Structures are given as structure tokens and as C-alpha cells.
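Student: I have a structure open and would like to practise reasoning from values to conclusions. Could we go through it together?
Tutor: Gladly! Ask away once it is on the screen.

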Amino acid sequence: DAARDAASAGGYVDRAGGCGCAVTGDREAGAHLALWALIAGLAQTHVSVQQLRQYLPKTWSRAAVLIPLVDRPEGLTVLFTQRSAQLTNHPGQVSFPGGRIEAGDAGAWEAAVREAREEIGLAGDRIRRVGYLHDHLVISGFVVTPVVAYVTPGFELQLDRTEVEDTFEAPLEFLLDRANHVQTTRRIGGQSFTSWDIPWQGHRIWGATAGMLVSFGELLSDP
């Protein structure tokens, strides 16, 4: 279908007032480029660059996540993790498999595949890279590279319960439909920000995860 064909193109997207943010090797330059998207998944904000700057971390760490598109006969689905409630960063939230890019990783792709194997036991031989989305800033101090990949069905997952409480899948078509994106106002340090929520069968997909899906949808709809 159209989503499957377009996804094969890979690439980058940058949504003004949204979630795609280029970040260079220089922290200050990268932070300046991404100030309007302080949180990946930000829909809009009405505060100034100066007001936003105070909420940015002083240092950034590189990270990568895998956006796993499971190639089901009935259509593509996205595999999510439910993070453990015991984690320091983003406890209990819906997320993609992923984490910090370690010194032994050749890049974002290798880190994303390694993290998926460690967190949920997803075998690397079932993963086929499609492409990358734009880097996303996360207020916890990470610059995250989303890696989009096809996953062949028939896998058996083994969850690392210290990191992942559960997993579930949702149809890609539903997730990318803008009619299913709900704007929610949140406050950080006295400032109001509007971000995206995507509800699915009792799960609330929001923050960086929702932002990456919105970026992905923008990429696919770009003529």
C-alpha cells in the first residue's frame, strides 16, 4: 500500500513547531535549532526562544530507538514497549525499543538493534532497515535518532523485566491518521506546551514516541 511504498524511501522530516529537530555536534548550535521542539512530540508553543532555553539540559547524550514495523498479512503494525515503572527516565511510558549509543556501537542502527535484542529479545536477523527520521530532542537529556525497520513476523520475545513491563502492537495506518492525534496541554516550569497524544486500546502513546510517529506521518505524506 501507499504507506509501505513510501516507508521504503526512508529519509528525514522537520515539522515546524513539531518534533523533527536537527542537532549538530555542537551542543549550543544543536540546542538552538531545536528550541521550538523542546520535547519530541511538541505540537506548538507560544513562548520565546529565551524562555525555552532555560529548560534545556546542559549536556546531551546520543541515543537511538527502533521503530519496528511488523509486516503482518493484514497490514503493517508498530511494535511498542511499555517501560518498567522502576526506571529513572520515563517510567511506565509507552516507547520504542532503544537507548544510549554506546562506544562499541558503530552508529544509531547498531545501537537500536542491540537495544531491541537486550530489551525484548528481538533477533537481529528478523530486522531490515528502512531508513532514519530526523533527530529528536528529549528533555531528559538525549538526542535520539529514530531508525525505521521492517520486522518479519514469527519472532518470540523475551522481555528484560528490569526495563520492559510489556509489549503490544498497533496498526500503522491508525497511528499515522491525523484524526487520531489528540492535542494535550502540559506545563513545564510554568510554561504551557501543546503536545500529541495517540490513544490506542487503553494505551496512551505520547511525548517522544508520539512525536516520532507524527514525524513519520509527515514524511510519508510529503509529496
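**From values to conclusions**

Tutor: Let me start with helix 4: 10 of its 13 residues are buried, so this helix is largely enclosed by the rest of the structure. Keep in mind that the model is predicted.

Student: Which residues of helix 4 are the buried ones?
Tutor: They are Ala-108, Trp-109, Ala-111, Ala-112, Val-113, Arg-114, Glu-115, Ala-116, Glu-119 and Ile-120. Their packing partners are strand 2, strand 3, strand 5, strand 6, strand 8 and strand 9.

Student: How do you know that the length of helix 4 agrees with its residue count?
Tutor: At 1.5 Å a residue, the 13 residues from 108 to 120 should span 18 Å, and the end C-alpha atoms are 18 Å apart, so the two agree. Just after helix 4, Gly-121 has a positive phi of about 75 degrees.

Student: What makes Phe-80 buried?
Tutor: Buried means under 20% relative accessible area. Phe-80 has 0%, so it qualifies. Phe-96, at 4%, is therefore buried too.

Student: Why is the pair of Phe-80 and Phe-96 called stacked?
Tutor: Two rings pair if their centres lie within 6.5 Å, and planes under 30 degrees apart count as stacked. Here the centres are 5.4 Å apart and the planes are at 20 degrees, so the pair is stacked. Phe-80 lies in strand 3 and Phe-96 in the loop between strand 4 and strand 5, so the pair ties together parts 16 residues apart in sequence.

Student: And why is the pair of Phe-80 and Phe-168 called stacked?
Tutor: With centres 5.2 Å apart and planes at 25 degrees, this pair is stacked because both values meet the cut-offs. Phe-168 sits in strand 9, 88 residues from Phe-80. Ring pairs thus join Phe-80, Phe-96 and Phe-168 into a cluster.

Student: Which residues touch the most other members of the largest nonpolar core?
Tutor: Among its 33 residues, those are Leu-69, Phe-80, Ile-205 and Phe-216. Helix 6 supplies the largest share, eight residues. Apart from this core lies another one, of 18 residues, including Leu-79, Ile-120, Val-147 and Val-164.

Student: Where does pLDDT stay under 50?
Tutor: Over residues 1-41. Where pLDDT is low, the predicted coordinates should not be read in detail. Among the elements, helix 1 has the lowest mean pLDDT, 39, and helix 4 the highest, 97. The protein averages 77, with 70% of the residues scoring at least 70.

Definitions and conventions: Residues numbered from 1 in each chain as written. Predicted model: local features only at pLDDT ≥ 70, side-chain atom pairs only at ≥ 80, totals over all residues. Heavy atoms only, no water. Helix = DSSP H or I, 4+ residues; strand = E, 2+ residues; numbered from the N terminus. Expected span 1.5 Å × (residues − 1). Buried < 20%, exposed > 50% of the residue type's maximum accessible area, 1.4 Å probe, protein only. Contact = heavy atoms within 4.5 Å. Core = buried A, V, L, I, M, F, W, Y, C linked by side-chain atoms within 4.5 Å. pLDDT = per-residue confidence, 0-100. Phe/Tyr/Trp six-rings, centres within 6.5 Å; stacked < 30°, edge-to-face > 60°.
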